[in-house]
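Visitor: I would like to learn how to read the features of a structure such as this one. Could we go through them one by one?

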Amino acid sequence: MWLYRLLLALASPLIARRIWRYHKRYDNYRVTEALGHWGSVTADLWLHCASVGEVLAAKPLVTQWLAANPDKSLLITTVTPTGEEQVQKWFAGKVQHRYLPLDHGMCVRRALKHLTCPQLAIIETELWPNLLTVAKAKGLFIQIINARLSERSAERYGKFGFFSHKLMALPDRFLVHAAADAERFKQLGARQVSVVGNIKFDVIAPDDPQGAVWRSALAPEDEFVWIAASTHPGEDEQFLAAHKALKKQVPKAKLILVPRHPERFDAVFSLCQQSGLVTAKRSHEDLASWSGADILLGDSMGEMMRYFAVSDVAFVAGSMIERGGHNPIEPAVLAKPVLVGPHTFNFADITESLVADQGAARVQSVSELEDELLVLQDSQKRTEMGQRALANAQANQGALQRVLQSLDIS
């Protein structure tokens, strides 16, 4: 732990800068809670979701847990204010919320000092050493749910075996996606590991009338619409190039471009303008302007399912660069044809399964992306590919009920 404490001390200026940025940008960010000033908190379950993605993944889990436990209380923590916004949007008045304390021993001990709760469940593999150590000492039963560990991440942990074995031994149970994940966790020192699948497969396609309104506004003549979802630096230029090339053959084609992180919204908008393509912003909410745009910039949080629903084809980004790709389950559940780039190691098993079942296609370059988009102008091919994606997702459902059972430790 001494190495971790040293790294934490070295990173303190960066952490302080992040807190200050959150404080200045978001009215809902409570710095005092991040420093451990929680006050007295009593809950039957503490669920930690780092940010928007984890809150979205946990939404069906929280909904069903609350329905099954009407007399019990739930505490949800997030790191980011955008995550807190989604918690309040979906569960205001039904759950308690706190910001996760910084992983300094003093902050964590201060936060948990007046906490009364029997168990902590952490969505995905967010392992904070001081948090786990203090929670364990306080007697909480700790579970890491929807856990995954890529081969690359396992190799990184393995380089610090003396540290990772102590860290992995702290949680009482890991509930993991697949057998490969289980084996990696065990090799790194995890004690109890169960393969339950991925709860993201159990996401329910929402009944969302606003989606039809969006589609009509963006493509009033039913023009072809594709989305590049959760993009990173180095990718936006590629998607803009692909869209410009596509429009030479499909002049009315539309692109929904959604950056992964909100701090990039303005920069990506500038890139869109520099490309010469007419760009509308979701944040302006002037739907009348969308029909005349070549691109809709998705500068909003928590609306990805609607963006996917409006689209004919979904490109899951983070995969055209060595970021490792993002989760392709959401468009698959919506029966959308899925496209990915060459780098999908973060979700290798899920992506390879989709590709093998022909619900997804992999491209290696901008020109290959353009070719696939041209092929998918055929509505019958889109429908067939989308149905194969949906069938793959449905075949992997069921993890949610297994996780709910694991949370009943009474």
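Guide: Let us begin with a single residue, Trp290, which counts as buried at 0% relative accessibility, where buried means under 20% relative accessible area, exposed over 50% and partly exposed in between, with a 1.4 Å probe and protein chains only. This is a predicted model, in which local features need pLDDT of at least 70 and side-chain atom pairs count only at pLDDT 80 or more, while totals for chains, interfaces and linings use all residues. Residues are numbered from 1 along each chain as its sequence is written, and side-chain values use heavy atoms, with hydrogens and water left out.

Visitor: With which residue does Trp290 form an aromatic pair, and how is such a pair described?

Guide: A pair of aromatic rings is described by the distance of the centres and the angle of the planes. Rings of Phe, Tyr and Trp (its six-membered ring) pair if their centres lie within 6.5 Å, and planes under 30 degrees apart count as stacked, over 60 as edge-to-face and the rest as tilted. Here Trp290 pairs with Trp214 in an edge-to-face arrangement, at 5.4 Å centre to centre with 80° between the planes. Trp214 is buried as well, with a relative accessible area of 2%. Trp214 lies in helix α10 (residues 209-218) and Trp290 in the loop between β12 (279-281) and β13 (295-297), so the pair ties together parts that are 76 residues apart in sequence; helices (H or I, at least four residues) and strands (E, at least two) are DSSP runs numbered from the N terminus.

Visitor: How many aromatic pairs does the whole structure hold, and which residues form one aromatic cluster?

Guide: The search of the whole structure finds nine aromatic pairs, and Tyr22, Tyr26, Tyr29 and Tyr99 form one cluster.

Visitor: Which residues touch the most other members of the largest nonpolar core?

Guide: In soluble globular proteins, nonpolar side chains tend to be buried together. A nonpolar core is a set of buried Ala, Val, Leu, Ile, Met, Phe, Trp, Tyr and Cys residues joined through side-chain atoms within 4.5 Å. The largest one has 47 residues, of which Trp46, Leu112, Leu115, Phe174 and Phe185 touch the most other members. Its largest share, five residues, comes from α1. Leu112 is in contact (heavy atoms within 4.5 Å) with Trp38, Trp46, Val134, Ala135 and Lys138, leaving aside neighbours within four places in sequence. Apart from this core lies another, of 34 residues, among them Met305, Val338, Val340 and Ile350.

Visitor: Where does Asn198 lie, and which residues is Asn198 in contact with?

Guide: Asn198 is placed in the loop between β9 (193-195) and α10, and Asn198 is buried, with a relative accessible area of 2%. Beyond its neighbours within four places in sequence, Asn198 is in contact with Asn146, His177, Asn327, Ile329, Ile350 and Ala399.

Visitor: Which residue is the nearest side chain of opposite charge to Glu54?

Guide: Lys and Arg count as positive and Asp and Glu as negative, with His and the chain ends not counted, and a salt bridge is a side-chain nitrogen of Lys or Arg within 4 Å of a carboxyl oxygen of Asp or Glu. Glu54, in helix α3 (residues 52-68), is buried yet has no salt bridge, the nearest side chain of opposite charge being Arg260, 5.8 Å away.
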